[in-house]
Amino acid sequence: MTLEPVLTAEEMRAAEQRAITAGTSEWELLQSAGKGCAAEITAFANGKRVTVLCGPGNNGGDGYVIAEALRKKGVSVRVVALTEAETPTAAKARDCYNSDVESAHSDVEGDILVDCLFGTGLSRPLDPDAHHLLMRNAALHQTVVAVDLPSGVVSNTGEILNGELPKYDYTFALGSWKNAHFLMPSSALLGKRIRVGLGLEFGDVSGHLFGKPAPTPPDFNAHKYSRGMVAIVGGEMHGAAILASEAAMRAGAGYVKLAGDTEHPAVPADLVVDPGPLEEVLGDKRLDAVLIGPGLGRNDTAKAKLEAVFVSGKPAVFDADALHLITPAMFETSERRCHVLTPHEGELAVLCEAFGIDRNTKLEKARKLAETTGCVVAAKGADTIVAAPSAPIRFFKPASSWLSAAGTGDVLAGVVVSRMAAGEPPLEAASQAVWLHGEAARQLGPAFTAGELARQMRHALATCL
Ligand SMILES: NC(=O)C1=CN([C@@H]2O[C@H](COP(=O)(O)OP(=O)(O)OC[C@H]3O[C@@H](n4cnc5c(N)ncnc54)[C@H](OP(=O)(O)O)[C@@H]3O)[C@@H](O)[C@H]2O)[C@@H](O)CC1
Ligand SMILES: Nc1ncnc2c1ncn2[C@@H]1O[C@H](COP(=O)(O)OP(=O)(O)O)[C@@H](O)[C@H]1O
Ligand SMILES: [K+]
């Protein structure tokens, strides 16, 4: 499994400062950043006209370095400056650009627009002139490139301060990924994400990009129980629990049991249905992990089942309806660290209400919910993140928007519980599940159903073995 650092703007500045203290100058960093971006642009700039928009800070400084590097390679470049360069390093880069700099009044037609107006130093919305400059020129170019971040995006939150920004074809993350590279709404703008390394050391960071996991296949002498036994608690709507079971059977666990009295025609022959008392199913010593929520309902029977899961003390995944029934009191007697919550945006809001959490962003809500409950929180959506108490937030490359189909959340929950039963700690189980879910969707292409996604899971798993 690979974990790449994802930083806040403050952490990025601290890393830059450490490098400077250790003897690399800001000028050298700017040169590496600009030349690294220029090398990437050269790969698709053949014969094309490039326009670079430069702002006042070091993001603008990067722009002058990019322009000079491209110019030296014979690429046709024009530079438009929003204002004077205001940092000493940006001013030096401006001076080292050996051609004309045009004023922000000019509209420039070209092929590739490179946005170097603002990066991590953005402190307020673009003023109307700067915003118009960016929007107008983006419309006059076929390819739009963001250097570090689209100008107008808040690095730590992904918020877009100006309401509307261009759609970018490429975003070059300088030195490290920043939160905004994976959070909505900015994540939807970025196009292809490319990290341009600057040789910086990061140490402890507040976020990680979770890459391909490395699950292990069953032991040589494995049997169904040693591979992991899962119980999925059924409820009012049978389809959701069946979908979760289908996914769980294909994500590593050796034995998946559906606890309920369903005789639904979609129950596959290879799924064990146990209509016995839930307490007995949950009391099985061989049982490793439980999922409750998909199709559960919210009536008294559902509440009693949820209580039974807490009483059993088994590691659990709480999803869907269960997230509406959970109360802080339920956690008081429970070993919290073994549980995973998988809310979508609406369920996250419900949980925050139930646990008295008052935070503005998804990132802060997920982090605080993890701290308050002690659980791992997989906050789903187009920018799924996984938070765990006292651990860096886990970000993921964006998954297919075709996942926006009913039942795909049930599939995810089934994968999480399967990975838990297979022996993964909750944070790893949740992270692996999000990755596998995204990979299965990628393999399926367009317009798949949740059932097809569940059945694809073993092929996603296969790519990691
Ligand atoms: N970290 C690294 O390792 C490396 C970083 N590098 C690069 O540096 C970038 C960060 O540079 P930076 O700190 O100079 O900030 P940047 O984004 O250029 O803008 C700040 C300037 O704009 C101003 N300003 C802010 N908002 C404004 C607004 N709406 N409208 C108008 N003005 C506004 C702000 O002024 P103030 O807020 O003080 O008023 C300040 O003058 C980073 O994203 C990356 O590209 C690499 O080259 C080298 C390695
Ligand atoms: N636009 C999108 N891009 C990427 N993933 C998405 C998108 N929309 C939904 N998803 C993913 O699909 C799943 C939907 O789950 P959920 O909202 O619980 O649906 P359901 O309750 O119908 O199963 C989540 O894993 C979510 O992250
Ligand atoms: K930028």
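This passage describes a predicted model, moving from its open sheet to the helices beside the sheet, two ligand shells and a few individual residues.

A good place to start is the sheet. Seven strands form an open sheet with parallel pairing, in the order β4-β3-β2-β5-β6-β7-β9. The edges are held by β4 (residues 101-103) and β9 (residues 192-196); each has a single partner strand, so one side of each is left without a neighbour in the sheet. From one strand to the next, the twist averages 25 degrees. At the β4 edge, the pairing with β3 (residues 76-81) is parallel and runs over three bridges. Within this part of the sheet, Val80 stands opposite Glu102 of β4.

Two helices can be followed across the strands. Helix α2 lies across β2, β5, β6, β7 and β9, and runs at about 140 degrees to β9. Helix α3 lies across β2, β3, β5 and β6, with an angle of about 155 degrees to β2. Strands β2, β5 and β6 thus appear in the list for α2 and again in the list for α3.

These helices also lead to ligand 1. The shell around this ligand holds 32 residues, and the closest are Gly57, Asn58, Asn59, Gly119 and Gly121. Helices α1 (residues 9-21), α2 (residues 26-42) and α3 (residues 58-72) each supply at least two residues of the shell. The largest share, five residues, comes from α3. By residue class, the shell around ligand 1 divides into 13 nonpolar, 12 polar and seven charged residues.

Asn59, one of the closest residues to ligand 1, also appears in a database annotation. An unreviewed UniProt entry lists Asn59, Asp115 and Ser151 under "binding site". Although these positions are spread over 93 residues of sequence, they cluster in space, with a largest C-alpha distance of 9.4 Å.

Two of the annotated residues repay a closer look. Asp115 lies in strand β5 and counts as buried because 30 C-beta neighbours fall inside 10 Å, where 20 or more are required. Beyond residues up to four places away in sequence, Asp115 touches Leu53, Leu134, Val144, Val145, Ala146, Val147, Pro150 and Ser151. Ser151 is placed in the loop between β6 and β7. With 27 C-beta neighbours inside 10 Å, Ser151 counts as buried too. Leaving aside its neighbours within four places in sequence, Ser151 is in contact with Gly55, Asp115, Leu117, Phe118, Leu122, Leu126 and Leu134. Leu134 therefore touches Asp115 and is also in contact with Ser151, by the 7 Å C-beta criterion.

Ligand 2 has its own shell, made up of 17 residues, and the closest are His344, Lys380, Leu403, Ser404 and Gly409. Helix α13 (residues 408-421) gives the largest share of this shell, four residues. The shell around ligand 2 contains six nonpolar, nine polar and two charged residues.

Finally, the start of the chain deserves a mention. Met1 sits in the segment before β1 (residues 3-7) and, with 14 C-beta neighbours inside 10 Å, counts as partly exposed. Apart from residues up to four places away in sequence, Met1 touches Gly211, Lys212, Pro213 and Ala214. Met1 and Phe44 are 43 residues apart in sequence, and their C-alpha atoms are 31 Å apart in space.

Note on methods
Residues numbered from 1 in each chain as written. Chains lettered and ligands numbered in written order. Predicted model: local features only at pLDDT ≥ 70, side-chain atom pairs only at ≥ 80, totals over all residues. Buried ≥ 20, exposed ≤ 12 C-beta atoms within 10 Å, placed from the backbone. Near = placed C-beta within 6 Å. Nonpolar A, V, L, I, M, F, W, Y, C, P; charged D, E, K, R; others polar. Pairing = 2+ DSSP bridges. Axes fitted to C-alpha atoms, helices over the stretch in contact; angles between N-to-C directions. UniProt positions renumbered as here; feature names shortened; annotations may be inferred.
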